Amino acid sequence: MSSTELPPPPSVAGSSLAGTAPYVIGAAENRALCATLGAAAAADGTAHPIYFFIATQVGMGQTVAGLCALCDFNVEEGPMIASSSVTFSHALRTEQPYQVTGEIKSLVRKRSRTFGVMDVLEYALRLSLPDGQRVLETVNVWMLPRRGLA
Amino acid sequence: MSGGLSSSAAALAVGAGLPAYSIVVDSQSMQLWAGFLRDPNPIHLDPRAVQAKGLGDKVINQGPANLAYVITMLQRSFPHSTLVALEVRYAGSVFAGDAVQAGGTIVEVAREASGVRIRCDVWLRANERDPAIAGQAVLVLPKE
């Protein structure tokens, strides 16, 4: 079967992933997270940079299950994160409210030697200060295996 | 913080390796990360869920936790740096009990008016398997 014979994926590009409430990195949670890494939290109020992922993922307007559902995919089928990229304009700080905005960039159906038919989901998320100043932008790519189409 | 690379020209040379960061992954940390990520996926919490999916017999570490090991390695290598950009592929799983090692190599050094911009290849390996994470990071060191 050629790729042209696959049914098209849901048309979700452009769907908003804006958060409904500001995300705040709690200082206590940051300390607990750093402790799992064998590291001390920074004394200057900056948060561990991995919060680029946590703050955007938790603060966006969808859970992972909800994001999968937007793509007509059951989260129980096992979405797999494939890649992440981030560009920081400023360091992240604890107890600072951040607004999360973002959108789905694409959902592309393809064949994979490893996974059979799968949809490749790419979405962008941004953190901004309350005054609109950009703090970071991240792009995540997930693979959604479509075993029913294999 | 000790243990970082010197900012000397010799230490910040293309091809220089970054000090490795090692940690043993435990299931208690995965429970904490499930809270940080608000992610109740049972493959991180219950070995029976992992077995049911045919993925092994130990709980699987969260991908962002794996990435956090890499970032921590960078922070230890360059204690006064600013992380500017990061791009990684999640290429494999890390399981409870795995001894993981994060490391990297400097691939580009640019001395600029504001400081030194460094690009590194970075990776995370578990028990000598193929990298679970591979990618590149860009950091800026302040001007001395």
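User: What covers the buried residues of helix α1 of chain B, α1(B)?
Analyst: This is a predicted model, in which local features need pLDDT of at least 70, side-chain atom pairs count only at pLDDT 80 or more, and totals for chains, interfaces and linings use all residues. Residues are numbered from 1 along each chain as its sequence is written, and chains are lettered from A and ligands numbered from 1 in the order in which they are written. Helices (H or I, at least four residues) and strands (E, at least two) are DSSP runs, numbered from the N terminus. The cover comes from both chains and includes α3 of chain B, along with α1 and α2 (51-59) of chain A.

User: Where around the axis of α1(B) do its buried residues lie?
Analyst: A residue is buried if 20 or more other C-beta atoms lie within 10 Å of its own, and exposed if 12 or fewer, with C-beta atoms placed from the backbone. In α1(B), the buried ones are B:Ser29, B:Met30, B:Trp33 and B:Phe36. Because they cover an arc (of the directions from the helix axis to the C-beta atoms) of only 110°, they are on the same side of α1(B).

User: And which exposed residues does the face turned away from that buried side carry?
Analyst: Let's go round to that other face of α1(B). The exposed residues there are B:Gln28 and B:Gly35.

User: Which element gives the most to the side of chain B that touches chain A?
Analyst: Contact is counted if C-beta atoms, placed from the backbone, lie within 7 Å, and here chain B and chain A bring 25 residues each. On chain B's side, α1 (27-37), α3 (63-77) and β2 (82-90) each supply at least two residues. With nine residues, the one that gives the most is β2(B).

User: How many bridges link β2(B) to strand β2 of chain A?
Analyst: Strands pair if DSSP finds at least two bridges between them. Strand β2 (residues 80-88) of chain A runs antiparallel to β2(B), and A:Ser85 stands opposite B:Glu87. The number of bridges is five.

User: Which residue of β5(B) is the bridge partner of B:Ala85?
Analyst: Within chain B, β2(B) is also joined to β5 (residues 133-142), antiparallel and by eight bridges. In β5(B), the partner of B:Ala85 is B:Val138.

User: Which residue takes a positive phi in the hairpin of β4(B) and β5(B)?
Analyst: β4 (residues 115-126) of chain B pairs with β5(B) in the antiparallel sense, over 10 bridges; B:Asp121, for example, has B:Gln136 as its partner. Six residues lie between the strands of this hairpin. With a phi near 50°, the residue is B:Asn127.

Note on methods
Contact = placed C-beta atoms within 7 Å.
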